[in-house]
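Me: Please take a close look at the salt bridges in this structure. I should like a connected account of the pairs and of where their partners lie.

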Amino acid sequence: MAFRPVIWLCAVAFVLLYSWLPLVSAAAAAVKTYIVHMKHNQKPASYATHTEWYSDHFQSLTSAAPDSLLYTYDAAYSGFAAALTPEEADSIRQSDSVLGVYEDTVYTLHTTRTPEFLGLNTEPGPWTGHSLQELNKASQDVIIGVLDTGVWPESKSFSDFGMPDVPTRWRGRCEAAGDFNPKIHCNKKLIGARFFSKGHNIVSGAKESQSPRDNDGHGTHTASTAAGSQVQNASLLGYARGNARGMATHARLATYKVCWKSGCLGSDILAAMERAILDGVDVLSMSLGGGSAPYFRDTIAIGAFAAVERGIFVSCSAGNSGPTKESLANVAPWIMTVGAGTIDRDFPAFSTLGNGEKYNGVSLYSGKGMGRKSVELVYGKNANTSGNLCLPGSLDSAAVRGKVVLCDRGISPRVEKGMVVRDAGGVGMILANTAESGEELVADSHLLPAVAVGRKIGDEIRRYVKTARNPRASLTFAGTVVNVKPSPVVAAFSSRGPNMVTPQILKPDVIGPGVNILAAWSQAVGPTGLDTDTRKTQFNIISGTSMSCPHISGLAALLKAAHPNWSPSAIKSALMTTAYTHDNANSPLRDAADYSLSTPWAHGAGHVDPHKALSPGLVYDATPEDYVSFLCSLGYTKEMVQIVAKHPNITCSKRFHDPGQLNYPSFSVLFRKTGVVRYSRELTNVGPAGLTYRVSVDAPPNVEVSVSPSTLVFKNVGDKRRFRVTFVWKKEVGPVVRHGFGSIVWSNALHRVSSPVAYSWTQL
């Protein structure tokens, strides 16, 4: 399948710098970073290590300087990254020992009440088999590796108070830099801090501080979300005040800085994954991505396969390109792909118009308010046609000075629009959604009084401004409220299925908290991330699948602590099959884009439930060999499969007849020319012995589902039982549709093991 770039933004916008990089010389300008995939098993016996062979091979094939060899990979990948001209890259391609040469890829980031919302501040319950104290003690041996923008080590979220010595198996370290002293900045909580910038430096030429330190805020936020220590009286300038803590407060953290101002280079990401695997992490958390590509061309998927093969759970964000369909990334079945939902906390703010109408919105503005006196409201008072969007340079100061400006959401960052209004002399802003963002509301720490409103309210305010003789408005702010209903709601920005790389695998896997999340922040940047924002705060509230990903990473660490012998696929299964699909008002999950009912293409198996995941009853397990059979079923050549799996003698003799035959905790059924699809699955008993499970099925009216057998008996712990599912399209029933959804549930009095099913009709 052709490469389909899917670029998304988080709270911090990254701008690619290629358009203005200085050209030192024609030769220098032509140099790019390439990743070279070597035939791992062709290493001559005369070389002690693959690294030596890669280095010598590189020198023998090119005239490039030795320092052009940026990284060598062995654990996460077979090959190296180098700075090459296109001609040098072509020369390397001709070698019989080379499987492929690929230009480096730029990835981007996918940019506290969540422990309470997830139930982590309460005892798990006697049926889970683990007390909170036991979980906390066990999680001290679990290490979470976070690939992001680095870490602000002084944050209280990384305090090691009361923690025992670092596990002796840990092989990582903290790297020294001018602003980072390992003896001072690392401890028994933050046990590793590295940075990877060689690929970035070749591409951008930007001279950023070469250090593990986080000058962006994003990495500090994600790391503290996954495993931050508890901090009392935390807030963003008074908002969301309370105790802030990560999901696995007693787990260890190792940070790997791979993202810089111009983005995150695949060569740097791969080097960090390599290092994290060798260092000994148990969980890898990556809130970044940048495309939808075949697995043998997907840097993250390849590195993640190597990690999973070594028992490391890999969690990745699904992306922020929703509500557009087919916008997912990080869709490899060995990766936990995480979408985003809201939590039951909100930050209400109000826009009161001159006609007396008062409209609800949200805001994190913390400065001096406007008071209750209304001022003139303007919309589209611009020097050019971009004024409705409040883009830089678009507003006429004479037209907006002293007034509230109505701005359309889109194109530029939300907080930047407020800066544009302020700099033009405006005293307030109403940020109104358009059809693209629908009814989703994301609160921001604006630099001037500002309220964000949904599309419907936005349209009403637009009509008012256009029809009223003297439109006026006032803005007021109501702080923090909790126990909001309904919640969770699927975030409109959360990327959606179907999975375009492998439609037979349903993605995303789950959703987790990702909207208005409070977590630790870097002191090098203000809460908006704008250069003009001089405010400093120890905590910040931001949104994105970047935020939901580390929630699941931390929960995986807790499951790893409770069940150290579980495989990454078993942990994934436990989180998926126990997820819930109804909100706190006991209604089916809804989609923030338009508040219609959500589907598994948006929420996957549902919203994670940590307590139930600790004791799922049954799991759908999968081995690395199963994933190889899956890859072989995609029509890949043996060389393509070897790029991902690195296995020496792949023959594809055990390929699945269909990629959907993988023992996955969900189903994606494609009806093509035939109206019948058959899949088998295997369940492993991780609950009590002697339990019987019975199946129940929910399906669209035009699909008949039969499961054989319909009852599974597990006499012992660890028993495995197979079942077969037949899906039949009843062509004569109902109107023609292109997709539908349902579920297959195995249950008894103690457990409910639920799998979502997505149906697609591709030959209509």
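The reply below treats the salt bridges of this model.

Reply: The model is a predicted one, and it holds 21 salt bridges. Side chains of opposite charge can pair when their charged atoms come close.

One of the pairs is formed by Lys188 and Asp165, whose closest N and O atoms are 3.4 Å apart. Lys188 lies in the loop between helix H6 (182-185) and strand S8 (190-195), and Asp165 in the loop between strand S7 (143-148) and H6, so this salt bridge ties together parts that are 23 residues apart in sequence. As for accessibility, Lys188 is partly exposed at a relative accessible area of 31%, whereas Asp165, at 58%, counts as exposed.

Another salt bridge joins the side chains of Arg414 and Asp444, with an N to O distance of 2.6 Å. This pair also links distant parts of the chain, 30 residues apart: Arg414 belongs to helix H12 (residues 414-423), while Asp444 sits in the loop between strand S24 (428-432) and strand S25 (450-453). Arg414 has a relative accessible area of 22% and is therefore partly exposed; Asp444, at 10%, is buried because the limit for that class is under 20%.

A further pair consists of Lys507 and Asp509, whose side chains meet at 2.8 Å, N to O. Here both partners are buried. Beyond these pairs, Glu175, Arg194, Arg275 and Asp279 are joined into one network by salt bridges that share partners.

Note on methods: Residues are numbered from 1 along each chain as its sequence is written. This is a predicted model: local features need pLDDT of at least 70, side-chain atom pairs count only at pLDDT 80 or more; totals for chains, interfaces and linings use all residues. Side-chain values use heavy atoms; hydrogens and water are left out. A salt bridge is a side-chain nitrogen of Lys or Arg within 4 Å of a carboxyl oxygen of Asp or Glu. Helices (H or I, at least four residues) and strands (E, at least two) are DSSP runs, numbered from the N terminus. Buried means under 20% relative accessible area, exposed over 50%, partly exposed in between (1.4 Å probe, protein chains only).
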